[in-house]
Amino acid sequence: MRAARDTVKALAAAGLAALVLALFAPWGDARASDDSDSVQARGRALTHWLSTGQFDRVLDAMSPQLRATVGGHEGLARLVQARDAQAGEEITLVNEAAYHERGLVDYYRIARHATLPASQTVTTQWLWQPGGAVVGLRISPTPQPAPTQRLEYRTKTSLALPFEDRWYVAWGGQAAHQNHHLPSPDQRFAYDLLVLRDGRSHVGTGRSNADYFCFGRPVLAPAAGRVTSAVDGVPDNVPGAMREDKPAGNHVVIDHGNGEHSLLAHLRHGSMAVKTGDTVARGEQLGECGNSGRSSEPHLHYHLQTAPVFGEGEGLPAAFVDYFSGGEHRARGEPVRGEVIHRLP
């Protein structure tokens, strides 16, 4: 999971300039209702104002901090000029979606643009506080999913959710706005999971791992199998920082014996309850949720793959059995971003 950063950068590989801003600021004067129709209407309006040069309206909707960082009319004009020079104007809306999490409304707009091939799209992302000011804007190429022949694959292992209580699917699904793991072949169908309360993942400032509701919660084996890898010893990160040399952090891989291997990553330092070679039962505790490796805040990363070690093989769709989503029982399903899920008692 990536940290939110206040930065302006060029995405040279894709040839498209991007403004990436995630400023968390006090509510501004701009107000908006937060039902799904009005959220999408606001996202469309902001994008239209930006593209048609109605910069006064865009700036009026922004928090003071974001207005200052953007650089006013000139900054917005440079952003639009850079986008249009590389991609051209928007011609077709492909998809749009909105999520309420971490105390923010997160609106995604994925569209085809005039000078890009039909296979390439641009994502415009707006962040605003519920009923309040816009605090973030991102324009960037939509990540291209890793090639796979597994889209229709049916999971062989009977997988239970690897935790107790209610967890939130922060990333999961097969669409770009649902899952930032799509470009990675082994993580093509991965999940990032955490605990939210009133739309937030932590109390206070979130500067300490202990502030996060999921930190230290038990992580369970989703199905029986043999542990092929159990890595501990990676310190937990300070929230907002990530460790690139140990991307999975403390993690466990379980061979379920049918060509499917579960990987559970970013576990809490010192919490490992199993070792390589152990046989585990479904529901057995493996460790605790942590913030180790390439992780910007405490969460659980889970994916199913064809190989017995992290970083190898091909990702597989992971369907869970006998769980609840939003209070509705699912006999079998693949959760997607925005769902609140929990297992049967």
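Contact here means heavy atoms within 4.5 Å. Keep that in mind for these exercises on a predicted model.

**Exercise 1.** Place S229: which strand holds it, is it buried or exposed, and what does it touch beyond its sequence neighbours?

*Solution.* Start with the strand: S229 sits in β10, residues 225–231. Next, check the burial. The relative accessible area of S229 is 12%, and the cut-off for buried is under 20%, so S229 counts as buried. Finally, skip everything within four places in sequence, and the contacts of S229 are H251, V252, V253, T276 and P308.

**Exercise 2.** Work out which strands pair with β10 and how they run.

*Solution.* Take β11 (residues 250–255) to begin with: it runs antiparallel to β10, joined by 5 bridges. One pair to look for is V227 with I254 of β11. Then turn to β13 (residues 279–280), also antiparallel to β10, with 2 bridges. Here G225 faces V280.

**Exercise 3.** Find the residues that touch the most other members of the largest nonpolar core, then say which strand gives the largest share.

*Solution.* The core has 39 residues, and the ones to pick out are W167, L193, V252, L286, L300 and Y302. Several strands supply at least two residues each, among them β3, β8, β11 and β15. The largest share, 5 residues, belongs to β7. Now zoom in on L300: leaving out residues up to four places away in sequence, its contacts include W167, L193, V219 and C289. Don't mix this core up with a second, separate one of 23 residues, which includes L79, V80, A87 and W126.

Definitions and conventions:
Residues are numbered from 1 along each chain as its sequence is written. This is a predicted model: local features need pLDDT of at least 70, side-chain atom pairs count only at pLDDT 80 or more; totals for chains, interfaces and linings use all residues. Side-chain values use heavy atoms; hydrogens and water are left out. Helices (H or I, at least four residues) and strands (E, at least two) are DSSP runs, numbered from the N terminus. Buried means under 20% relative accessible area, exposed over 50%, partly exposed in between (1.4 Å probe, protein chains only). Two strands pair if DSSP finds at least two bridges between them. A nonpolar core is a set of buried Ala, Val, Leu, Ile, Met, Phe, Trp, Tyr and Cys residues joined through side-chain atoms within 4.5 Å.
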